[in-house]
Amino acid sequence: MSPSHPQHGHRDAFDSLNAQQLQAKLSSSPAGLSQSEACHRLSQYGANEIPEKKTNRILKFLTYFWGPIPWMIEAAVVLSALAQHWPDFAIILLLLLANAVIGFWEEHQAGNAIAALKAKLALTAQVKRDGLWTTVASRELVPGDVIHLRLGDIVPADVRLLEGDPLQVDQSALTGESLPATRQGDEAVFSGSIIRRGEIDAMVFATGANTYFGRTAELVQTAHSVSHFQRAVLQIGNVLILLALALVSVIITVSLLRGDPLLTTLQFALVLTVAAIPVAMPTVLSVTMAVGARLLTKKGAIVTRLAAIEELAGVDVLCSDKTGTLTQNVLTLGDPFSVGASSFHSSSIASGPGLVIFTAALASRADNKDPIDRAVLACIHDSQSLAGYQLVHFQPFDPVHKRTAATVRGSDGVEFEVTKGAPQVILAMSANAAQVNDAVERAVSGFAARGFRSLGVARTDAEHHWQFVGVLPLFDPPREEAKATIATAHQMGVKVLMVTGDQWPIARETAEKLGMGSAILDASGFSTTSIDHTEQLAASIEQADGFAQVFPEHKFQIVEVLQRHGHIVGMTGDGVNDAPALKQADCGIAVSGATDAARGAASIVLMAPGLSVIIEAIKTSRKIFQRMNSYAIYRIAETLRVLLFMTASILVFNFYPVTAVMIVMLALLNDGAILSIAYDNVHYSSEPERWDMRTVMGIATALGFIGVVSAFGLFYLGERIFQLDRAHLQTLMYLKLSVAGHLTIFITRTRGPFWSIRPARLLLLAVCGTQLLATLIAVYGWFMTPLGWGWALFVWVYALAWFVVNDRLKLLAYSLLIPERHR
């Protein structure tokens with residue numbers, strides 16, 4: 001018999017049911033299901049796995065041929081074929097395919113967050129079928145199944161615990177809580193949790209995408225963020241395309257009115273189109289980022305999505321997970337509280353705080369993997385001091401008694417008992433409770449206010465009465481470098497926000513220790529089903545220094561609210577619970593030791609521990625951004641220079657200043673050498689980088705127009721003063737456009753004078769090499785009329801003179817466009 005209500009859409013309803021009600025709803029019992037009923041439900045509900053949205057690779061590849069820039073490149077290919085300019089056709093088609101292949105390969109390498117989440121599920125589970133226990137693949141579990149959970153198991157589905165002893169459950173990967181949680185019969189335990197202590201039977205009530213884990217996966221699947229880099233490239237391309245279309249339309253109209261041959265007009269419309277389209281722009285910028293990605297790898301940061309480098313350069317808010325990221329994820333003892341001097345029969349034990357720690361150490365066991373026991377024993381510096389005590393009997397911690405206890409025999413042969421556990425439990429069993437109660441409560445309250453977890457310690461006296469000894473505070477200490485890292489981030493204009501599942505006092509204490517501020521917002525009041533926040537709540541989120549008691553939905557919402565308020569958001573994390581926010585963030589960063597789910601969702605994966613590598617990554621990414629920004633200005637300036645010069649020459653002088661072959665050679669030499677800008681020397685900015693299109697277009701336009709002036713100056717000298725024929729004049733103009741164009745990169749690569757930052761040797765060699773080749777082509781007349789060395793030297797001197805003028809004009813343009821404090 002099937003459940004009375006289908007699973008889909010009713011997960012929250014099942015959450016609120018007790019064990020008896022749940023069994024009735026699911027038509028099941030502690031005896032489990034029959035194999036036939038399980039098979040029926042499997043076909044009804046589907047496999048216990050997260051559905052993966054797959055895209056056709058061929059269709060994905062074809063998307064790279066769709067968009068304004070690809071359209072214009074494709075139009076140029078068609079025009080080349082119509083004009084039967086087959087060399088142009090082959091070169092342009094090759095550039096089009098190269099752009100598509102590079103983009104497709106980047107996406108292919110990025111990884112799949114959903115697959116990583118799916119891999120986190122347990123592979124097998126012990127399930128009761130037909131009254132017998134059997135092991136099945138976890139994907140075959142269905143609602144109503146009874147499974148057995150024990151130490152070390154990853155919970156394979158959302159379950160309701162049946163009768164039995166309490167469990168200790170590690171939910172840190174789901175909720176971010178640093179300490180294990182206690183779960184008893186009739187309570188829910190979620191898929192992806194890990195059983196740390198105990199064993200019990202449980203009934204499955206949600207599987208696959210309907211689990212708590214599955215909803216997290218769905219958030220990752222729906223999270224989407226468009227790169228600012230992609231927007232900028234598209235915006236630049238659109239401007240140049242519209243300008244090219246307008247000028248080509250004018251040229252075609254004028255040429256037809258003049259009676260020029262249609263084929264000739266189409267040929268030069270093609271030349272102008274090729275000159276205007278930033279064909280190699282996506283490739284150059286992608287290569288620049290790929291080179292940067294290799295540099296980041298050497299610093300311990302692996303990039304899985306190239307556009308994330310540009311996003312990281314602009315990050316102004318970094319949301320950081322606390323446990324294991326800002327802190328060491330290792331429990332540590334603080335300064336103990338002692339109730340005062342006590343008279344025990346063993347004078348060899350220290351008094352005061354030392355007595356509290358020593359007594360707690362006697363109630364701990366070295367071979368126990370309990371993190372509290374390890375923390376206590378780590379404080380006993382003289383391990384030989386414990387050697388004089390023989391462990392007679394040890395009672396491990398259990399959630400019912402909430403304490404560990406041990407019977408110990410001292411070197412004098414006298415036996416006594418020691419215990420440690422919840423302060424209220426230890427206090428209740430102590431003979432001296434009345435005398436120390438007020439002091440202990442004040443100590444516990446004080447520790448709680450500072451974000452510490454308290455541990456009561458007691459031992460028996462000579463009359464075998466329990467005597468309360470003191471309180472041990474436990475905390476997860478910050479990483480040693482975290483405070484300096486956060487301070488450096490603030491100096492670089494990046495605000496670091498703590499995002500944790502821990503309680504508010506713990507979050508606030510950690511934040512204050514790290515110098516992050518004390519404005520910690522409790523996220524428990526956030527809606528978990530809607531991102532429609534009020535303006536007041538949105539303002540609180542933006543002004544907060546951190547967030548406590550955060551669930552996966554909260555992290556996702558926090559990132560989204562900050563993005564809606566204009567911030568470029570980075571998110572660090574390591575657990576399954578971080579995956580949705582990592583995917584939604586402009587730059588998701590999985591820290592060292594992160595789960596597969598977090599790595600799959602992130603754009604950058606850190607291989608070195610701590611946050612310090614993030615600062616190095618931000619510095620490197622800002623340098624990469626400077627290189628891309630320099631190239632963008634250079635490419636726009638060169639496009640304007642060639643486009644306007646050719647258009648004006650055709651319209652005013654009815655003369656084509658360069659041939660189609662010259663245009664193709666210009667594009668090949670310039671864009672080929674400019675790839676070396678990926679290795680250029682630059683200084684990183686002390687503020688987050690953003691694409692400032694007003695400045696980019698302003699500087700590029702200024703350099704473009706002055707380039708047109710200088711080009712017509714040489715044209716005037718060659719035709720009117722030196723009276724060169726049109727064939728030699730075309731070669732002269734080709735060399736000028738090539739040399740002056742490459743010199744422009746040395747102007748755009750700095751905001752100060754061109755000598756303010758020394759260019760990289762590779763860039764210098766690449767530019768000199770291509771311009772030597774361009775000069776040889778012009779001098780000896782390969783594919784054009786020979787010019788000779790004398791005229792070539794004249795062009796170089798002329799171009800260098802204008803280079804100095806252009807550099808001064810660039811400084812003037814920057815002073816007008818950008819305030820001095822931002823330069």
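**Entry 1: elements and model.** In these notes I take helices (H or I, at least four residues) and strands (E, at least two) as DSSP runs, numbered from the N terminus. I keep in mind throughout that this is a predicted model.

**Entry 2: residues with positive phi.** I began with D186, which I placed in the loop between β6 (181–183) and β7. Its phi is near 80°, a positive value in a residue other than glycine. I noted for comparison that most residues other than glycine have a negative phi. D186 has a relative accessible area of 34%, and because buried means under 20% and exposed over 50%, I recorded D186 as partly exposed. I then turned to S27, which is not a glycine but has a positive phi of about 50°. I found S27 in the loop between α2 (19–26) and α3 (35–45), and at 25% relative accessibility S27 counts as partly exposed.

**Entry 3: strand β4.** Which strands pair with β4, and in what sense? I found that β4 (residues 158–161) pairs in the antiparallel sense with strand β9 (residues 200–206) over four bridges, and that strand β7 (residues 188–189) pairs with β4, also in the antiparallel sense, over two bridges. On the β9 pairing I noted D158 opposite A206, and on the β7 pairing I noted V159 opposite V189. In a regular strand the side chains alternate between the two faces of the sheet. In β4 I saw that both faces are covered, since D158 and R160 on one side and V159 and L161 on the other are all buried.

**Entry 4: the eight-stranded sheet.** I traced an open sheet of eight strands in the order β10-β24-β23-β22-β11-β19-β21-β20, and I recorded its pairing as mixed. At the edges I found β10 (301–303) and β20 (520–522), each of which pairs on one side only. Averaged over the sheet and with direction ignored, neighbouring strands are turned by 20° against each other. Within the sheet I looked at strand β23 (residues 587–590) and strand β24 (residues 604–606), which run parallel and are joined by two bridges; A590 stands opposite V605 in β24. I also noted that helix α20 (residues 504–513) lies across β19 (495–499), β20 and β21 (546–548), and that this helix runs at about 165° to β20.

**Entry 5: H401.** Is H401 buried or exposed? Its relative accessibility is 44%, so H401 counts as partly exposed. I placed H401 in the loop between β14 (390–398) and β15 (403–409). Leaving aside residues up to four places away in sequence, I found that H401 touches Q395 and V425. I also looked at G421, 20 residues from H401 along the chain, and found their C-alpha atoms separated by 8.6 Å.

**Entry 6: the second largest cavity.** Rolling a probe the size of a water molecule over the atoms shows where empty space is left. A search of the whole structure finds two cavities of 30 Å³ or more, and I looked at the second largest, which holds about 70 Å³ of space. Which residues line the second largest cavity? I listed R641, S710, K736, A740, L743, T744, I747, A799, W802, F803 and N806. By class, I recorded six nonpolar, three polar and two charged residues in this lining. The helices α28 (726–748) and α30 (789–817) each supply at least two of the lining residues, and the largest share, five residues, comes from α28.

Technical notes:
Residues are numbered from 1 along each chain as its sequence is written. Side-chain values use heavy atoms; hydrogens and water are left out. On a 1 Å grid over the protein atoms alone, a cavity is a set of points where a 1.4 Å probe fits but cannot get out, and a pocket is an open set with protein on both sides within 12 Å along at least five of seven lines; lining residues have an atom within 4 Å of a point. Grid points are joined across faces, edges and corners, and a volume is the space filled by probe spheres set on the points. Ala, Val, Leu, Ile, Met, Phe, Trp, Tyr, Cys and Pro count as nonpolar, Asp, Glu, Lys and Arg as charged, and the others, Gly among them, as polar. Two strands pair if DSSP finds at least two bridges between them. Axes are lines fitted to C-alpha atoms, for helices over the stretch in contact, and angles run from 0 to 180 degrees between N-to-C directions. Contact means heavy atoms within 4.5 Å. Buried means under 20% relative accessible area, exposed over 50%, partly exposed in between (1.4 Å probe, protein chains only).
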